[in-house]
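Work through the exercises below with the model at hand. Try each task before reading its solution.

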Amino acid sequence: QVQLVESGGGLVQPGGSLRLSCAASGSIFSINAMGWYRQAPGKQRELVATITRGGITNYADSMKGRSTISRDNAKNTVYLQVNNLEPEDTAVYYCNADIKSRRYSDYRNYWGQGTQVTVSS
């Protein structure tokens with residue numbers, strides 16, 4: 001059984017920063033792309049950033065210049081550092097990963113349960 005568990009969310013003041021972490025666990029053979037998505041109330045889930053196993057990154061336009069996605073392949077963990085947070089960043093942030101477990105022969109897509117980020121004074 002593969003699980004993604006996020007941590008690091010919470011209440012942050014406008015202009016503040018936070019760092020989210022997501023650790024994959026279970027019977028994992030290999031992980032390809034990992035990423036972060038978010039969903040604000042009443043809106044669709046949207047891309048925040050992704051990173052390949054080799055470290056190639058992709059960001060949503062709204063996150064460029066103030067966020068950094070990184071990963072530790074040895075720890076099966078992906079991180080998201082976001083600076084200069086705005087109230088519009090308030091959302092549930094979800095971790096996503098393409099994982100080949102020891103149970104299946106192909107890569108399958110997994111989601112974490114989400115972590116709430118609230119930006120408010």
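Two exercises follow, one on a disulfide and one on a sheet.

This is a predicted model, in which local features need pLDDT of at least 70, side-chain atom pairs count only at pLDDT 80 or more, and totals for chains, interfaces and linings use all residues. Residues are numbered from 1 along each chain as its sequence is written, and side-chain values use heavy atoms, with hydrogens and water left out.

**Exercise 1.** Find the disulfide (a pair of cysteine sulfur atoms within 2.5 Å) and describe it.

*Solution.*
- Step 1: Count. The structure holds 1 disulfide.
- Step 2: Name the partners. Cys22 and Cys95 are bonded, with sulfur atoms 2.1 Å apart.
- Step 3: Place them. Cys22 lies in strand 3 (residues 18–25) and Cys95 in strand 9 (residues 91–101), so the pair ties together parts 73 residues apart in sequence. Strands are DSSP E runs of at least two residues, numbered from the N terminus.
- Step 4: Find the handedness. The S-S torsion of Cys22 and Cys95 is about -80°, so this disulfide is left-handed.
- Step 5: Check burial (under 20% relative accessible area, 1.4 Å probe, protein chains only). Cys22 is buried, at 0% relative accessibility. Cys95 is buried, also at 0%.

**Exercise 2.** Trace the open sheet of 4 strands.

*Solution.*
- Step 1: Read the order. It is 1-3-8-7, with antiparallel pairing. Pairing requires at least two DSSP bridges between two strands.
- Step 2: Find the edges. Strand 1 (3–7) and strand 7 (67–72) each have a single partner strand, so one side of each lacks a neighbour in the sheet.
- Step 3: Look inside. Strand 3 and strand 8 (residues 77–82) pair in the antiparallel sense over 6 bridges. Ala23 stands opposite Thr77 in strand 8.

Methods. Buried means under 20% relative accessible area, exposed over 50%, partly exposed in between (1.4 Å probe, protein chains only).
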